[in-house]
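Got your viewer open? Load the model and follow along, one selection at a time.

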Amino acid sequence: MLVNRKAPHGTIYALEALEVALVAGVFDQDVSVVFTDDGVYQLTRNQDTQVIGTKNFSRSYRALEDYGIRKLYVEQESLQARGLATSDLVVLVQVVDAKRLGELMDQQDVVLSF
Amino acid sequence: MRFAILVNAGPYTHQASDSAYRFTRAALEKGHEVLRVFFYHDGVHNGSRLSVPPQDERDLPKLWRELAERHCLDLVVCISAAQRRGLLDASEAQRHGKDAYNLSTAFRISGLGQLIEACIEADRMIVFGD
C-alpha cells in the first residue's frame, strides 16, 4: 500500500510516489494507493502547473489502471475537509473513512508513505 | 529478522537519515539482517562522496560508507531520483557527458524495482522520512 499525504506540487513526493506505484504495478504486486490529508489534491481535475514550471502529471493517475492498479482509496475526512467530492477527481476511487483506512492498512504486508 | 530500509529525506535537513542510520546499525549489531537500504527523494544525497560537514559534526555519508564496508550492506540510490538531483556514478556521468561524478563507491545506482523487490523479500520494510 502506498500512502500519499502531500499536495501534488510544492514538493516532489507526489510525483515520485506515482513512479513507485507504476513500478510496483509492473512487478505484479497487489497494490493499493491511498490519498489522504493534502494528498487528495493529487487527484483533482483541471490542474494547471504552467505558471509554476512543474510537470502536470495528474493525468498519469489514469494510467494506474493499465498497470493493474485498481484499488484507489481516498480518505473521506480529508476529502470533506477540503470541500471536495469524487466528481472533482480524475479517477474513480473508493471513499473510505479513517477507521476503515486503518483496518485496510492493518491488512497490508508493506505500507510505504510519501 | 530481515529488514529493508527506505530513506526518503536528505541528510542534515531532516533527522530521518540519522534515524535510518542508527536503526540500521542497531539492527545489524543485534544480529538482524538488513538486505537493502534504498535511498529515494532527497535521500539520495546520503550517497554523495563529496560532502564536507564541519569537523565537529557527524559526516552521515561517511558513516553510511563505513557501515556498508563493515557489514557488506547493499546501499542503493534510485536512478531517476539521483539523476534529477545531480548525483551520478562514474558510468552514468560518462553516459550523460558530464565531467564529474559524485556517488560514493559504497553505493550503487539502480531502479525502483530494487525497492519493490526489497519490499517483497524483507520481513519488515521500515520507512524513514518527513
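Throughout this stop, contact means heavy atoms within 4.5 Å. Keep in mind that the model is a predicted one.

**Stop 1: the interface.** Colour the two chains separately and select whatever touches across them. You should pick up 18 residues from chain A and 17 residues from chain B. Together the chains bury about 1,500 Å² between them, with 62% of that on carbon and sulfur atoms. Now show A:Tyr13, A:Glu16 and A:Leu112 as sticks: these supply 32% of the area chain A buries against chain B, more than any other three residues.

**Stop 2: charges and polar pairs.** Keep A:Glu16 on screen and add B:Arg84. Their side chains form a salt bridge, 2.7 Å from N to O. The count between chain A and chain B is three salt bridges. Switch to polar contacts, and the interface has seven residue pairs, both members at pLDDT 80 or more.

Which elements of chain A give two or more residues to the side that touches chain B? They are helix H1 (13-26) and strand S5 (112-113). H1(A) gives the most, with eight residues. Colour that side of chain A by class and you get twelve nonpolar, two polar and four charged residues.

**Stop 3: the sheet in chain A.** Hide chain B and go to cartoon view. Five strands make an open, parallel sheet in the order S4-S3-S2-S1-S5. At its edges are strand S4 (94-96) and S5 of chain A, each pairing on one side only. Select strand S3 (residues 71-75) of chain A: three bridges join it to S4(A), and the two run parallel. Along that seam, A:Glu75 stands opposite A:Val96 in S4(A). Next, pick helix H3 (residues 98-106) of chain A, which packs on the sheet and touches strand S1 (2-4), strand S2 (32-35), S3 and S4 of chain A. The direction of H3(A) makes about 105° with that of S4(A).

**Stop 4: the sheet in chain B.** Swap the chains over. Chain B has an open sheet of five strands in the order S4-S3-S2-S1-S5, with parallel pairing. Strand S4 (107-110) and strand S5 (124-128) of chain B each have a single partner strand, so one side of each lacks a neighbour in the sheet. On average, neighbouring strands here are turned by 25° against each other, direction ignored.

Zoom in on strand S3 (residues 75-78) of chain B, which pairs with S4(B) in the parallel sense over four bridges. B:Val77 has B:Ile109 as its bridge partner in S4(B). Last selection: helix H1 (residues 16-29) of chain B. H1(B) packs on the sheet, touching strand S1 (2-7), strand S2 (33-39) and S5 of chain B, and its direction makes about 165° with that of S1(B).

Notes
Residues numbered from 1 in each chain as written. Chains lettered and ligands numbered in written order. Predicted model: local features only at pLDDT ≥ 70, side-chain atom pairs only at ≥ 80, totals over all residues. Heavy atoms only, no water. Buried area = accessible area lost by both parts, 1.4 Å probe. Salt bridge = Lys/Arg side-chain N within 4 Å of Asp/Glu carboxyl O. Polar contact = N/O pair within 3.5 Å; in protein donor to acceptor, adjacent residues only side chain to side chain. Nonpolar A, V, L, I, M, F, W, Y, C, P; charged D, E, K, R; others polar. Pairing = 2+ DSSP bridges. Axes fitted to C-alpha atoms, helices over the stretch in contact; angles between N-to-C directions.
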